[in-house]
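Here are some exercises to work through with the model open beside you. Try each task before you read its solution.

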Amino acid sequence: MFLLRNLQWHLKKDTLLLKDLDQATVAVHSLKQNELSKLLDFFSQLPLEFELKTQIQVLYKSQLRGFVFGKDCDLCVLHHKAEGRLFLTDRNGFYNDFLASAYKKTQGRVLVIISNVQEDPPEGALVSSEIYELAEHGDQPTIGILGQLGKVVCYKAQPSAYQVDYISKLISSSAFYREPSEYKNLPKSFHPSQSVFNCDLL
């Protein structure tokens, strides 16, 4: 038996509950520095009951192939501003290697934010139809699967009240409640190694 200062672990059904934590860490990534600044403002204004620490990183397309995600964070956020045709995941996607590595490292605690889409999603939805059309007809099925798993949020100019509430709850659950990760239908590159058991305590 061991003790961790200011940390208590409890098992409740299939959820790992972390108590006595008063802060969360979000790692935010984008190809555009100005978009990172907007996201920092957005995260700083979220109605959270705990301190939120943000780590930011500007990405470069030349570094994305073979990208290895190594940050320790509660949630990895990838932002993309839609400009022209979208190349997000799978064979021709800019971010496929990044997302696969981040998904494995964080055990599924990943959120893709896509701004400047053509149309906002319907009220009470996270993802617009163009993302699912991209998945079905644009040879990028992985972005559609991530959308179905609740790991994609898209909007035209700014997130809706529903999306803000969802992101706030996602940060909280990612930091303080560790539910089993979902890998069904995702490419094998997103799956953890079969021979290694990852534990945040080790």
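From the N terminus on, the elements of this protein run β-β-β-α-β-α-β-α-β-α-α-β-α-β. The model is predicted, so please keep that in mind throughout.

**Exercise 1. Overview**

Task: Find how many helices and strands the protein has, and what share of its residues counts as buried.

Solution: Begin with the elements: there are six helices and eight strands. Next, turn to burial: of the 202 residues, 45% count as buried. Finally, look at how contacts are spread along the chain. Among contacts between residues at least 6 apart in sequence, 74% join residues at least 24 apart.

**Exercise 2. The five-stranded sheet**

Task: Work out the strand order of the open sheet of five strands, and explain why S4 and S7 each have one side without a neighbour in the sheet.

Solution: Step one is the order, which reads S4-S3-S5-S6-S7, with parallel pairing. Step two concerns the edges. Strand S4 (51–58) and strand S7 (152–155) each have a single partner strand, so one side of each has no neighbour in the sheet. On average, neighbouring strands here are turned by 20 degrees against each other, direction ignored.

Step three is to walk across the pairs:

- S3 (residues 23–30) and S4 run parallel and are joined by eight bridges. Ser 30 has Val 58 as its bridge partner in S4.
- S3 also pairs with S5 in the parallel sense, over five bridges. Here Ala 27 has Cys 76 as its bridge partner in S5.
- S5 and S6 pair in the parallel sense over six bridges. His 80 has Ile 114 as its bridge partner in S6.

A useful reminder for this walk: strands of a sheet pair through backbone hydrogen bonds, either parallel or antiparallel.

To finish, check how covered S5 is: six of its seven residues are buried.

**Exercise 3. Helix H3 and the core**

Task: Decide whether helix H3 is mostly covered or mostly uncovered, and name what covers its buried residues.

Solution: First count the buried positions. H3 (residues 96–106) is mostly covered, with eight of its 11 residues buried. The buried residues are Asn 96, Phe 98, Leu 99, Ala 100, Ser 101, Ala 102, Tyr 103 and Thr 106.

Then look for the cover, which includes S3, helix H2 (61–64), strand S5 (75–81), strand S6 (110–115) and helix H5 (141–148).

Now zoom in on the core. The largest nonpolar core has 55 residues, and those touching the most other members are Phe 43, Phe 98, Leu 99, Ile 114, Ile 167 and Ile 171. Leaving aside residues up to four places away in sequence, Phe 98 touches His 29, Leu 59, Leu 64, Phe 67, Phe 69, Cys 76 and Leu 78. Just after H3, Gln 107 takes a positive phi of about 60 degrees.

**Exercise 4. Helix H6 and Ser 168**

Task: Compare the span of H6 with the expected one, then find which residues Ser 168 touches.

Solution: Helix H6 (residues 161–176) has 16 residues and reaches 23 Å from first C-alpha to last, close to the 22 Å expected at 1.5 Å a residue. Its buried residues are Gln 163, Ile 167, Ser 168, Leu 170, Ile 171, Ser 174, Ala 175 and Phe 176.

Next, take Ser 168, which lies in this helix. Its relative accessibility is 7%, so Ser 168 counts as buried, the cut-off being under 20%. Not counting residues up to four places away in sequence, Ser 168 touches Leu 46, Pro 47 and Leu 48. The C-alpha atoms of Ser 168 and Glu 49 are separated by 9.8 Å, though these residues are 119 apart along the chain.

**Exercise 5. Cysteines and two aspartates**

Task: Find how many disulfides the structure has, then decide whether Asp 90 is buried or exposed.

Solution: A search of the whole structure finds zero disulfides. For Cys 73, the nearest cysteine sulfur is that of Cys 76, 5.6 Å away, whereas a disulfide needs the sulfurs within 2.5 Å. Cys 73 is buried at 10% relative accessibility, and Cys 154 is buried at 0%.

For the aspartates, start with Asp 90 in the loop between S5 and H3. Its phi is near 65 degrees, a positive value in a residue other than glycine, and Asp 90 is buried with a relative accessible area of 17%. Asp 139 sits in the loop between helix H4 (129–137) and H5, with a positive phi near 60 degrees. Asp 139 is partly exposed, at 46% relative accessible area.

Note on methods
Residues numbered from 1 in each chain as written. Predicted model: local features only at pLDDT ≥ 70, side-chain atom pairs only at ≥ 80, totals over all residues. Heavy atoms only, no water. Buried < 20%, exposed > 50% of the residue type's maximum accessible area, 1.4 Å probe, protein only. Core = buried A, V, L, I, M, F, W, Y, C linked by side-chain atoms within 4.5 Å. Contact = heavy atoms within 4.5 Å. Pairing = 2+ DSSP bridges. Helix = DSSP H or I, 4+ residues; strand = E, 2+ residues; numbered from the N terminus. Axes fitted to C-alpha atoms, helices over the stretch in contact; angles between N-to-C directions. Expected span 1.5 Å × (residues − 1).
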